[in-house]
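Let's take a walk through this structure together, going from the whole chain down to a few single residues. Have the sequence and the 3D view at hand as you read.

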Amino acid sequence: MSSIDNSIFDQRLDRPGFSTRAPVREATVILVEDRSQWSNAIEELCAFLEVRLTRVSGEDDLAPVLRDRRPMAVLASLDG
């Protein structure tokens with residue numbers, strides 16, 4: 001059996017300002033809908049899971065919302 005040299009990992013911890021902790025972010029689900037089709041059911045589910053629900057209209061620009069919130073999921077109905 002071979003062993004792994006841990007000295008590489010140990011060196012990173014010696015640097016000042018280095019943190020092994022990832023920034024904490026709030027769990028968020030983005031719901032994209034124009035009419036209130038899923039809102040009530042998804043709102044109850046998110047409340048049960050303790051996840052923040054953010055509603056966005058289909059007319060809105062989704063890019064800034066995704067960048068700012070960094071959601072764990074985006075739900076949208078597809079027409080087609």
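Among the contacts in the chain with a separation of 6 or more, 62% are between residues 24 or more positions apart. Keep in mind that this is a predicted model. The chain has 80 residues, and 19% of them count as buried. On the outside, the chain exposes about 7000 Å², and carbon and sulfur atoms supply 51% of that area.

Now follow the chain from its N terminus: the elements run α-β-α-β-α-β. That makes three helices and three strands.

A good place to pause is helix α2, which spans residues 39-49 and holds glutamate 43. Which residues does glutamate 43 touch, leaving out those up to four places away in sequence? They are Leu53 and Arg55. Leucine 53 lies ten residues from glutamate 43 along the chain, and the C-alpha atoms of the two are separated by 6.6 Å. Glutamate 43 has a relative accessible area of 40%, so it counts as partly exposed.

Let's move on to another glutamate. Glutamate 59 sits in the loop between β2 (52-56) and α3 (62-69). Is glutamate 59 buried or exposed? It counts as exposed because its relative accessibility is 72%, and the cut-off for exposed is over 50%.

Glutamate 59 also has a part in a negative surface patch. Its partners there are Asp34, Asp60, Asp61 and Asp79. Try finding these residues in the 3D view.

Methods
Residues numbered from 1 in each chain as written. Predicted model: local features only at pLDDT ≥ 70, side-chain atom pairs only at ≥ 80, totals over all residues. Heavy atoms only, no water. Patch = residues over 30% accessible without salt bridge, like charges linked within 9 Å, V, L, I, M, F, W, Y side chains within 5 Å. Areas by Shrake-Rupley, 256 points an atom, 1.4 Å probe, with all protein chains shown as cover. Salt bridge = Lys/Arg side-chain N within 4 Å of Asp/Glu carboxyl O. Lys, Arg positive; Asp, Glu negative; His and termini not counted. Charge placed at Lys NZ, Arg CZ, Asp CG, Glu CD. Helix = DSSP H or I, 4+ residues; strand = E, 2+ residues; numbered from the N terminus. Buried < 20%, exposed > 50% of the residue type's maximum accessible area, 1.4 Å probe, protein only. Contact = heavy atoms within 4.5 Å.
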